[in-house]
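Please look through this structure with attention first to the surroundings of its ligand and then to the packing of its interior.

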Amino acid sequence: MPGRNFLFVPGPTNVPERVLRAMHRSMEDHRSSAFPELTLPLLRDLNQIFQSSAGQAFVFPATGTGGWEVALTNTLSPGDRVLAPRFGQFSHLWIDLAQRIGLRVDIIDVEWGEGAPAERIEEILTQDRQHEIKGVLIVHNETATGVTSDVGAVRRAIDAAAHPALLYVDGVSSIASIDFRMDEWKVDVAVTGSQKGLMLPAGLAVVCASPRALAAREQAKCARVFFDFGDMIKANASGYFPYTPALAMLYGLREAVDLLLEEGLGRVFARHHRLAEGVRAAVKAWGLTLCARAPRWYSDTVSAILVPEGTSGADVIDVAFRRYNLALGAGLGRMAGKLFRIGHLGDLNELMLCGALAGAEMAMRDVGIKITPGAGVAAAEEQWRASAAPPSSDAQAHPGKSTAPRSVVRT
Ligand code: PLP
């Protein structure tokens, strides 16, 4: 099909030209004396992405799922109890992984469309006087339903119960796009993948562990070899890896982190919020609703849009792809067919999103959903014009880049 593909699944996201160019390079010796010049500053700078100075960042050749396993196996033992709210396909899958590595999971089932229930977590932890529960697992941004949970509120709940459980957070579709404060929220292990806010291909699990999590490693008996923090800590100390690292991905990660820090994390978060508000205005103008049940759950990285009874989200996605070269996200698990998702994260600006909204409108009309042509695009335009960022003189160089001085630079 001529023209470009419009990639609007909530990961993988668009890889910026600068990142693509950085990855396009010859291989080199990952044991050379020069290699740590890449890795040591990179590992340090990753802390800024997690907003953590106390934590230690790790890069594993894996995906977000591997990151889940890294987090749990390095800190827990088979038979340990963990508490996990389930409110979408990814919280469901993390629970499944936890069970399969031998943990006992106390599941709090929550309506899909809502987020982590801080009050319920506080109640359960308060009742756990023997402190049998060793960890609380929260998916910060449930990509399947477009719901963002309040991790700060979960931290306050744990503290209010005076409970020592470790706090594990899946930030796969939030970190580097939505405000994520590892140290402030006292998150013990945070997990992300390379293919979303970090604007890279899939292939890296990027994890940050608090000093408490690293200490828990000493007692943790879950089997781990490839994913062992201990081996990584030893090798990373001098800038190396315990096995052959994914070189091109590391160069790409270096460039992606530079892009994010040049834009400034605050501006990255504000851009995601502004873009998401436009999408939400479009959804309203279409007369449709989000899967997220209330504004407090709205996600700034993905909107899951419910289609009317008698129509199928899967049909919208298929028509959008075949006719308009637009990739929208599918309904997952129990939401299959009931919705379609627009990913609005990563290297993105208003005009790119206008393309996705226009394509979604055409595809919806093609499958019989009654939409006034242009209604969503017009509403998004109005929303964005009302909250426009100041004009950028180097808009060509990077879509989200501002003219303001670099707020953070490579350390
Ligand atoms: N957690 C969340 C919130 C996700 O959105 C995803 C994937 O989309 C995952 C975990 C799993 O990550 P991966 O597919 O990289 O293994």
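Around the ligand stand 13 residues, of which the closest are Thr63, Thr65, Thr143, Asp170 and Lys196; a residue belongs to this shell if one of its heavy atoms lies within 4 Å of the ligand. The model is predicted, so that local features need pLDDT of at least 70 and side-chain atom pairs count only at pLDDT 80 or more, while totals for chains, interfaces and linings use all residues. Residues are numbered from 1 along each chain as its sequence is written, and side-chain values use heavy atoms, with hydrogens and water left out.

By class, the shell holds four nonpolar, seven polar and two charged residues, and helix H3 (residues 64-73) gives the most to it, with three residues. Among the polar contacts (pairs of N or O atoms within 3.5 Å), an oxygen atom of the ligand lies 2.5 Å from a side-chain N or O atom of threonine 143, and a polar side-chain atom of lysine 196 is 2.7 Å from a ligand oxygen. Glycine 64 takes part through a polar backbone atom, 2.9 Å from an oxygen atom of the ligand. The protein covers 86% of the 380 Å² of accessible area that the ligand has on its own, by the Shrake-Rupley method with a 1.4 Å probe.

Turning to the interior, the largest nonpolar core has 93 residues, and Ile49, Phe60 and Val136 have the most contacts inside it. Such a core is a set of buried Ala, Val, Leu, Ile, Met, Phe, Trp, Tyr and Cys residues joined through side-chain atoms within 4.5 Å, where buried means under 20% relative accessible area (1.4 Å probe, protein chains only). Helix H9 (residues 247-263) supplies the largest share of this core, ten residues. A second, separate core of 35 residues includes Leu275, Ile305, Met352 and Ile371.

Methods
Buried means under 20% relative accessible area, exposed over 50%, partly exposed in between (1.4 Å probe, protein chains only). Helices (H or I, at least four residues) and strands (E, at least two) are DSSP runs, numbered from the N terminus. A polar contact is a pair of N or O atoms within 3.5 Å; within protein, one must be able to donate a hydrogen and the other to accept it, and residues adjacent in sequence count only if both atoms are side-chain atoms. Ala, Val, Leu, Ile, Met, Phe, Trp, Tyr, Cys and Pro count as nonpolar, Asp, Glu, Lys and Arg as charged, and the others, Gly among them, as polar.
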